[in-house]
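Me: Please take a close look at one part of this chain, a few helices and what they pack against. I would like a connected account rather than a list.

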Amino acid sequence: MAVLPTPLCETLGIEHPIVQAPIGSASCPELAATVSNAGGLGMLAVTWRSVENTRQVIERTRELTDRPFAVNLVLDEATIRHPTDEHLEACLDAGAPIISLSFGDPAPHVEQVHAADATLLASVGTAAEARAAEDAGVDVVVAQGWEAGGHVQSEVATMPLVPRVADAVDVPVVAAGGISDGRGVAAVLALGADGAWLGTRFVATEEANVARAYRDRVIDADEAETFYGELFDGGWQGTPHRVLRNSTVEAWETQGCPVPGERPGEGEEVGRYPNGQPVERYGDDIPVGGMEGDLEAMALYAGQSAGGVDEIQSAETAVTELVEETRTTIGALHRA
């Protein structure tokens, strides 16, 4: 049974209005399937994957769950590696039932998604963007607030953004940014959202494709330990993001925040993937499983909600706790 019979649950065919954010390379079939099997919506990030690998991870996810899951594609020309129509077609052909688009205009892709009988989510950062997305025919809008981890689409905080978006559209709204527990889920439901989108909470799960050192940094961080800017721009320039403060951020600030080309340690290798591919300082790579090197110096994407994430747990447990905490919070409000 869902926490509340929200329109999001009906639209997506899920039990609980809990959505796992795509979280880049940290997402994987095991994480997405576990979240979906627990009644939420798991998600794969595939923008940086090859078309063939995209098909493989979707097929693997379908093997692990018979429940709905989503696939996210970034539309920003500064980061995509394959034509969006081609990549999207691969996702749909592989059987992705739900598509999430972010950092760009979803309008050119609505017909393609709906022709495959898939459901379309679009991330927005303002009420005007939400109205435009609804007018284009998207099925769900995701209102991402400034508190979010990873790359950030809005300059508005979640609390003022969500009610504005909820008032602007008739389609279901998912709130993203700064949510780590059931109290946060209950809060955004009260603000008019139909569900909550969490990334940092799921980075700290056992199934996430991240190095243990990254998980540990997330659970040890507090709400004031994040950095917002465009520092880790290798691979995706011109888009602000939120990361945990680390030695790379501190060295750059100590040197007076120099411009690209003059930053301390720029171009030096700080890590390597299991296949030997190097990772340079200021790259947008996260420490994934099996990576070696100075992992602490890499991009540690996390939102201000990191302060509310204090243990590593399974994704199933995370969803269960979120549901129970939300029920408890809503129940307490009703009794007050």
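Reply: Two helix axes count as roughly parallel at angles under 35 degrees, roughly antiparallel over 145, roughly perpendicular from 65 to 115, and oblique for the rest. The model is predicted. In it, helix α8 (residues 182-190) packs on helix α12 (residues 315-335) at an angle of about 60°, with the axes 7 Å apart. The two helices are therefore oblique to each other. The crossing of α8 past α12 is right-handed. On the α8 side, Gly182, Arg183, Val185, Ala186 and Leu189 make the contact, and on the α12 side Leu322, Glu325, Thr326, Thr329 and Ile330 do. Of these contact residues, five are nonpolar, three polar and two charged.

Helix α8 is also part of what covers the buried residues of α7, along with β5, α6, β6 and β8 (173-176). Those buried residues of α7 are Thr158, Leu161, Val162, Val165, Ala166 and Ala168. Viewed down the axis of α7, they fall within an arc of 160°, so they line one face of the helix. The face turned away from that buried side carries Met159, Arg164 and Asp167, which are exposed.

Next comes α6 (residues 127-136), where Ala127, Ala130 and Ala133 are buried. Down the axis of α6, its buried residues lie within an arc of 120°, so they too line one face of their helix. The spacing fits a general rule: an α-helix has 3.6 residues a turn, so residues three or four places apart point the same way. The cover over the buried residues of α6 includes β5 (119-124), β6 (140-144) and α7 (158-168). Just after α6, Gly137 has a positive phi of about 110°.

Conventions:
Residues numbered from 1 in each chain as written. Predicted model: local features only at pLDDT ≥ 70, side-chain atom pairs only at ≥ 80, totals over all residues. Heavy atoms only, no water. Buried < 20%, exposed > 50% of the residue type's maximum accessible area, 1.4 Å probe, protein only. Helix = DSSP H or I, 4+ residues; strand = E, 2+ residues; numbered from the N terminus. Arc of directions from axis to C-beta. Contact = heavy atoms within 4.5 Å. Axes fitted to C-alpha atoms, helices over the stretch in contact; angles between N-to-C directions. Left-handed = near helix turned anticlockwise from the far one by under 90°. Nonpolar A, V, L, I, M, F, W, Y, C, P; charged D, E, K, R; others polar.
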